[in-house]
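Here's a quick walk through this protein, strands first and charged pairs after. Keep the viewer open and follow along.

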Amino acid sequence: MASFISLSLLLLFLNYPFLSLSTNPEGNALHALRSRISDPNNVLQSWDPTLVNPCTWFHVTCDSNNHVIRLDLGNSNVSGTLGPELGQLQHLQYLELYRNELTGKIPKELGNLKSLISMDLYDNKLEGKIPKSFGKLKSLKFLRLNNNKLTGSIPRELTRLTNLKIFDVSNNDLCGTIPVEGNFESFPMERYNNRFLLLFHILNN
């Protein structure tokens, strides 16, 4: 019986030799991102899903424990959408996707990135609302979403981010009131430069 099981395992390995080369969950999440975006300049050509982890991929930085802590794809001429898989990068500290052609909604799963310090999604074509889940990003210091097509209001949940130093949502299509609680009372008005948002603010003050 034991020899039969061993023979079965051997045949399985021979038929599927790459089973033992699967990446870790972070690599899978990044490869899912790659499948969603167009990369005309081949900046992601080193993203090999058969490697043990993504730490040797260009534009990816890992810590000493081989956890992904930084994703740098700013100004890379990529287009496409962001998926919920990015929320699996539990150790990510820097998400730099600015100045591209990204479209669609911002995944609410990005609110699971509890170690995130900086999120730069500015100068894209992202639409929809700012996720309320961003209120869980307690380590976040820099949040730049300017120059997109975002709508809706600024979630009050963001006023809980006591470490937030830079917040910019200018040049979107936001509406509603501007928060004044927490750190938001110190952010300059030009960071809120949205026609409907500022008009509503003026009419209610």
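## The six-stranded sheet

In this predicted model, 6 strands come together as an open sheet, and their order is β1-β4-β6-β8-β10-β12. The pairing in that sheet is mixed. At the edges sit β1 (37-38) and β12 (173-174), each of which pairs on one side only.

Take a look at the β1 edge. Here β1 and β4 run antiparallel to each other, joined over 2 bridges. If you want a spot to click on, try I37, whose bridge partner in β4 is G80.

## A hairpin, and a parallel neighbour

Next, find strand β2 (residues 60-62) and strand β3 (residues 68-72), which pair in the antiparallel sense over 3 bridges. Together β2 and β3 make a hairpin, with 5 residues between them. Check out N66 in the turn: its phi is positive, at about 65°. Across this pairing, T61 has R70 in β3 as its bridge partner.

β3 also pairs with β5, this time in the parallel sense, over 3 bridges. R70 turns up again here, standing opposite Y94 in β5. A general point to keep in mind while you browse strands: in a regular one, the side chains alternate between the two faces of the sheet.

## Salt bridges: the R36 and E85 link

Now for the charged side chains. How many salt bridges does the structure hold? There are 6 salt bridges, and a few of them are worth a stop.

Start with R36 and E85, which form a salt bridge with their closest N and O atoms 3.3 Å apart. This pair connects distant parts of the chain: R36 belongs to helix α2 (residues 25-36), while E85 is in the loop between β4 (79-81) and β5 (94-96), and 49 residues separate the two. Is each partner buried or exposed? R36 comes out partly exposed, with a relative accessible area of 33%, and E85 is partly exposed too, at 22%.

E85 has other company as well. Setting aside neighbours within four places in sequence, E85 is in contact with A29, A32 and R36. L30 is also worth finding: E85 and L30 are 55 residues apart in sequence, yet 7.7 Å apart in space, C-alpha to C-alpha.

## Salt bridges: two more pairs

D120 and R144 are another pair to pull up, since their side chains meet in a salt bridge at 2.5 Å, N to O. D120 lies in strand β7 (residues 118-120) and R144 in strand β9 (residues 142-144), so this bridge ties together parts that are 24 residues apart in sequence. Why does D120 count as buried? Its relative accessibility is 5%, and the cut-off for buried is under 20%. R144 has a relative accessibility of 24%, so R144 counts as partly exposed.

Last up are K108 and E109, whose side chains meet in a salt bridge at 3.4 Å, N to O. K108 counts as exposed because its relative accessibility is 58%, and the cut-off for exposed is over 50%. E109, at 22% relative accessibility, counts as partly exposed.

Terms used: Residues are numbered from 1 along each chain as its sequence is written. This is a predicted model: local features need pLDDT of at least 70, side-chain atom pairs count only at pLDDT 80 or more; totals for chains, interfaces and linings use all residues. Side-chain values use heavy atoms; hydrogens and water are left out. A salt bridge is a side-chain nitrogen of Lys or Arg within 4 Å of a carboxyl oxygen of Asp or Glu. Helices (H or I, at least four residues) and strands (E, at least two) are DSSP runs, numbered from the N terminus. Buried means under 20% relative accessible area, exposed over 50%, partly exposed in between (1.4 Å probe, protein chains only). Contact means heavy atoms within 4.5 Å. Two strands pair if DSSP finds at least two bridges between them.
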